[in-house]
Amino acid sequence: MMMAIRIFAVLVLVFLVSPIVVIFPLSFSSGEILTLPTPGWSLRWYEDFFTAGRWLEATRNSFVVGGFTMVIATTLGTLAAFGLNMARFPGKKTVLVILSLPMVVPVIVAASSMYVAFSAWGLTNTFTGLVIAHVIVAAPYVVITVLAAVQTLDMTLVRAALSLGATPVQAFREVVLPLILPGVIAGAVFAFATSFDELVIAIFLTGPGQFTLPRQMFAGLREMLSPTIAASAVIMVVLSVVLLLISEAARNYATRLQGGARQ
Amino acid sequence: MTDAAPDPALVRFDGVQKSYDGILRVVKDLHLGIAEGEFLTLLGPSGSGKTTTLMMLAGFETPTAGNILFARQRINDMPTYRRNFGMVFQNYALFPHMTVAENLAFPLRMHRFAKSEIPGRVERALDMIRLGAVADRRPAQLSGGQQQRVALARALVFEPRMVLMDEPLGALDKQLREHMQLEIRELHERLGLTMLYVTHDQTEAMTMSDRIAIFDDGRIQQVGPPDRVYDHPENAFVARFMGENNALPARVEARDGARLRLRCPAGSQLVALCCPEGLPDGGDAQVLVRPEQVTLGEATENCLRGIVADVIYQGDHLRVVVDVPAIGRLSARLPKAARPDCPSPGAEVAVHFAPEAALAFPAEDAVET
Amino acid sequence: MDRNSRLAVLLVAPLLLLMIVGFVLPLGTTAFKAVDNPEVTAALPRTTAALGQWSGDGLPDEAVYAAFVEDLLSPQDNRVFGGLVRRLNFEQTGMRSIISGARRAAEGLQAPYSESLPALNAVWGEPEVWQLLQTHSNPYTATYLLRAMDLRMAADGSIIPVDPQQAIFRELFLRTFIISLWVTVFAVLLGYPTAWFLSTLRGRAEGLALLCVLVPFWISILVRSTAWFIVLQREGPINAALLATGVIDTPQAIIFTRPAVYLAMVHVLLPFQILPLLAVMKRIRPDYVRAAASLGARPWQQFLLVYLPMTMPGVAAGAVMVLMLSVGFYITPVLVGGLRDQMVSYYIAYFTNTSINLGMAAALSLLLLILTGLLVVAAARVLPGLNLGARV
């Protein structure tokens, strides 16, 4: 019985990774049709990706939008997390509800609503508009991650620093910042990933001039299924795995430090 | 009291009060002096105000009223980092992202010791706690006892004007705790530092302190050397908090100088010393006797009869529990040598104690031991 | 407020402001657009003013006709007029040609217009068209919300069902809910044993198995849906494998079917079920099940009476997450589903981007938002302290 469940679970895990694994060989196919077995191996679709202007431009756009989103969302989210952790103030509950809205509102409703409002403000088909929208959906995750880090921070460490002669500014720089940094980094990586992976809002807010990589893939899927799409999917998978590893490393570092505050 | 006489105390709490909500006072009208080089312990149950008192001296809390003086200067509003007091925290509060050596260097850097001087001082501090081998480890890689010693060294390394300790041994197991008590006591004697120590463990307080201040309900109940507060408690709380007691209900019948004659409910007569606050004739009282003062056998004074309920072998002594009709259970602590003649459970025995060993206090409605 | 609270507010303010202006305000606009009705008044200001006096019985008088012709003749922004035509045509098919015809002919019309307009098109001699104009000169309308529930307001103000061939939205919401429910059921059935298996692993095996869940979790929904698109297509690996093994002899349509939607959606959402479950299961010490066993419980009783109840918070947290996300799903059904497998999101996108009927898009958004809100509130009731949205 237990064995049957274990086998079933392994099959589910295989189910989770197999479609992702399958696109790897497909992307290295030498044929025009995405099928297995591949007629031969080649890098032509990666060559296509890195030489065709629109794929490269979309990749660049994604990095620019993701980078700006990461910096702005991390800054605003970290400040807000500190504020939320610091004190009670009237309306704090409402603030928490508002900050968690983008996580519960269906993304299509958010995208459609932002499209209508942003077009009235002339923000559609601009990078500014897309970055603002991405900051709005990414920042709540930063708030959650940093808030978790700040809340697990042992406040007696700050007291200890003060008692050992550190001024409040020194205590923040020498003790608080290094300890919450893993949380901030995890939040920042998450903000970047959110923006880099985001499609629905991009569909509504961007024109061909601002196409991000997911937007370009989506357009490609609807025009003609070229193996370049498989190549771009593989590139996005690799990037996601890198981001996952960074975020896990930050989490591990944080847990290791936690071990010190245990006792 | 003359104005000219300089205050001998290094630290003085002068009518200090603390309230967090403006209504409930956690510390009520505290007057206390700490002499230079003294080891003073604040002892009391949780919520008695002892930790708040320490926090006010450390600068983490501001008194609601009254003054805190250090070397005759008011320091109520002085920020913590300028006070220059070393502090050891309950959970050590070692910085988890720094190595042991970096933790020790931290206060030296903050107090702007010369860069060239820091490594030497850190090394000497590590030698002092015999942890030179783990200088480059993170706190998480140390045992609880090692962490405790690092925390202690960190509070001493920058030569603070005094050291505050907030239940620093609470997280250690019994053996390690007893070992560290002696180590801290030895350090105190060697360095001659002024130390303020907070604990709720009376044995720990007795082991280490020059003087003990016993806190309850936001007030100091008694201050004095360990033997004084143990043998001459000024009120029932101090008597009960400082070690074990047998409490015998009685009523005052007559007095004979400092001695009182009392009568128990069952009719037996007791003779006891009167507590400093005094007792009226005919007043309800409780007579407190420590188990080690109770002996088996007949006597002319303070003799009670009962039935042995239990005899417990406790390694270094014997405990005999006696049921006394209408009074309750009485516990006697006997030397191990008494074992051969010890009665067995169910036997009828007489117990007695010296009048000098018994203290009469006003009866309390609900007393917890 | 003390100094700390003021500083706290100051720190929260920038993000809060951005959220209010950039998110709450647009959502509010959407809610407003669902009942907003500006087109008729904007295009026909005089007509709507004149109709205000009209009782609604019989035909309006000459003043109304004259005002209408004057509105048609006044130099107008074509976008405003286009809005009017679209709006009225949405209410009643055929209004586009009627209004456009009147506008084209307006210049040659002679007074009295109550005679020349009906001569142009008999519709203008009937009260219904004027009632329609009067009804929609009201600044608010329930049309969109009613239509989103396959209802409409009859000329006499009663609420009646729309024509059967126009009635698509109830089925749409029902389909959205049923697909979401099945996806949730599958996610729980697949996720529970998998999470349990993960919770029993240690060391390297645990890391590897966890990676199998975390990697798909971090890969964007688009890439995962694309992978299914590629795998399931007519020329794709699955068809190729089935052909090669001789199971089938012509490629089968797998993509653009309901099973394809289930397959891809369950795949995309499964990590959201597994991770909260795993978090709960890892906290359950084996002592509880051992205690049950020592007290005489058989294995199935140990599971049903001890382990399952203790893991229910994880089941519920994951299921709520999966249900909430699938109700608003867009990309996956669009890529691997057929037209009859699309959910509410598809129509919101359609009305926003393709048919530019913002009122309809807003009404559907509002209903979807309410549906999601009800799910969240119900979830919060069942599970206090539920941390929605936290990925791990």
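**Exercise 1. Among contacts in chain C between residues at least 6 apart in sequence, what percentage join residues at least 24 apart?**

Solution. Before we start: this is a predicted model, where local features need pLDDT of at least 70, side-chain atom pairs count only at pLDDT 80 or more, and totals for chains, interfaces and linings use all residues. Residues are numbered from 1 along each chain as written, chains are lettered from A and ligands numbered from 1 in the order in which they are written, and side-chain values use heavy atoms, with hydrogens and water left out.

- Step 1: a contact means heavy atoms within 4.5 Å.
- Step 2: of the chain C contacts between residues at least 6 apart, 70% join residues at least 24 apart.
- Step 3: run the count for chain B and you get 67%.

**Exercise 2. Describe the build and extent of chains C and B.**

Solution.

- Step 1: take helices (H or I, at least four residues) and strands (E, at least two) as DSSP runs, numbered from the N terminus.
- Step 2: chain C then has 19 helices and two strands, while chain B comes to nine helices and 20 strands.
- Step 3: along the principal axes, the C-alpha trace of chain C spans about 100 × 75 × 40 Å, and the C-alpha atoms of chain B fill a box of roughly 75 × 55 × 35 Å.
- Step 4: the radius of gyration is taken over C-alpha atoms, and the globule rule is 2.2 Å times the number of residues to the power 0.38. Chain C has 29 Å, against near 21 Å for a compact globule of 392 residues.

**Exercise 3. Work out where the charges of each chain sit.**

Solution.

- Step 1: count Lys and Arg as positive, Asp and Glu as negative, and skip His and the chain ends.
- Step 2: place each charge at NZ of Lys, CZ of Arg, CG of Asp or CD of Glu.
- Step 3: chain C has 27 positive and 23 negative side chains, with the centres of the two sets 21 Å apart.
- Step 4: in chain B, the mean positions of the 40 positive and 48 negative charges are 6 Å apart.

**Exercise 4. Is Gln233(C) buried or exposed, and what does it touch?**

Solution.

- Step 1: find Gln233(C) in the loop between helix 12 (221-232) and helix 13 (237-244) of chain C.
- Step 2: buried means under 20% relative accessible area, exposed over 50%, and partly exposed in between (1.4 Å probe, protein chains only).
- Step 3: Gln233(C) counts as buried because its relative accessibility is 8%.
- Step 4: leaving out residues up to four places away in sequence, Gln233(C) touches Leu34(A), Leu225(A), Asn239(C) and Ile255(C).
- Step 5: zoom out to whole chains. Two pairs of chains touch, and A with C has the most contacts; no contact joins chain B and chain C, whose closest C-alpha atoms lie 14 Å apart.

**Exercise 5. Trace the nonpolar cores.**

Solution.

- Step 1: a nonpolar core is a set of buried Ala, Val, Leu, Ile, Met, Phe, Trp, Tyr and Cys residues joined through side-chain atoms within 4.5 Å.
- Step 2: the largest has 162 residues, and Ile108(A), Val336(C) and Leu364(C) have the most contacts inside it. Helix 14 (residues 258-283) of chain C gives this core its largest share, 16 residues.
- Step 3: beyond four places in sequence, the residues that Leu364(C) touches include Phe169(C), Phe173(C) and Phe351(C).
- Step 4: a second, separate core of 84 residues includes Ala58(B), Ile75(B), Val122(B) and Val198(B).
- Step 5: check Ala58(B) in helix 1 of chain B, where it is buried. Eight of the nine residues of that helix (50-58) are buried, and just after the helix Gly59(B) takes a positive phi of about 100°.
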